[in-house]
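Me: Please take a close look at one part of this model for me, the sheet and what packs around it. I am in my first year, so short sentences would help.

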Amino acid sequence: MTRENGAPIKRTIRRHQLREMVPLAKSTIYEMEQRGEFPRRFALSPRCVVWDLAEVEAWLAARRASPVGRAQHPDVRQRRARPVRERDQARGEASKAG
């Protein structure tokens, strides 16, 4: 599609169309936008926000070209709530109870 003067018309997508293309939670997309890791939305009206389709497609192509590494597993021994007991300590307490 082009305008009469030859400039291409930018296509925009709404939130539900974005969620079909990018299966991330709304909060994840918002946080990535704030960090500058995802294309920014812009408002068409006070209640309607959209994303530029070309920017989203470019972001997807960049992600496909250089995959993101997997997150490290958390060290559960450092939890404050419900800390994990050491194996030897847990065995000793189990033998005392039984």
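Reply: The sheet in this predicted model is open and has three strands, in the order S1-S3-S2. Their pairing is antiparallel. Strand S1 (12-13) and strand S2 (42-45) are the edge strands. Each of these two pairs on one side only.

Take the S1 side. S1 pairs with strand S3 (residues 48-52) in the antiparallel sense. Two bridges hold this pairing. Thr 12 has Asp 52 of S3 as its bridge partner.

Now the S2 side. S2 and S3 also run antiparallel, and three bridges join them. Here Phe 42 stands opposite Val 50 in S3. The two strands form a hairpin, with two residues between them.

Asp 52 deserves a longer look. This residue is found in strand S3. Is Asp 52 buried or exposed? The relative accessible area of Asp 52 is 7%. Buried means under 20%, so Asp 52 counts as buried. The side chain of Asp 52 reaches the backbone nitrogen of Ala 54, at 3.2 Å. What else does Asp 52 touch, leaving aside its neighbours within four places in sequence? Asp 52 is in contact with Lys 10, Arg 11 and Phe 42. Phe 42 is the residue that stands opposite Val 50.

Next, the helices around the sheet. Helix H3 (residues 53-65) lies across S1 and S3. H3 runs at about 55° to S3.

Helix H2 (residues 26-35) comes next. Which residues of H2 are buried? They are Ile 29, Met 32 and Glu 33. Look down the axis of H2: the buried residues fall within an arc of 105°, so they line one face of the helix. There is a general reason for such patterns. An α-helix has 3.6 residues a turn, so residues three or four places apart point the same way.

What covers the buried residues of H2? The cover includes helix H1 (15-21), S3 and H3. S3 thus appears again: this strand pairs with S1, pairs with S2, and is part of the cover over the buried residues of H2. H3 has two roles in this picture too: H3 lies across S1 and S3, and H3 is part of that cover.

One last detail sits just after H2. There, Gly 36 takes a positive phi of about 80°.

Note on methods
Residues are numbered from 1 along each chain as its sequence is written. This is a predicted model: local features need pLDDT of at least 70, side-chain atom pairs count only at pLDDT 80 or more; totals for chains, interfaces and linings use all residues. Side-chain values use heavy atoms; hydrogens and water are left out. Two strands pair if DSSP finds at least two bridges between them. Helices (H or I, at least four residues) and strands (E, at least two) are DSSP runs, numbered from the N terminus. Contact means heavy atoms within 4.5 Å. Axes are lines fitted to C-alpha atoms, for helices over the stretch in contact, and angles run from 0 to 180 degrees between N-to-C directions. Buried means under 20% relative accessible area, exposed over 50%, partly exposed in between (1.4 Å probe, protein chains only). A polar contact is a pair of N or O atoms within 3.5 Å; within protein, one must be able to donate a hydrogen and the other to accept it, and residues adjacent in sequence count only if both atoms are side-chain atoms. The arc is that of the directions from the helix axis to the C-beta atoms.
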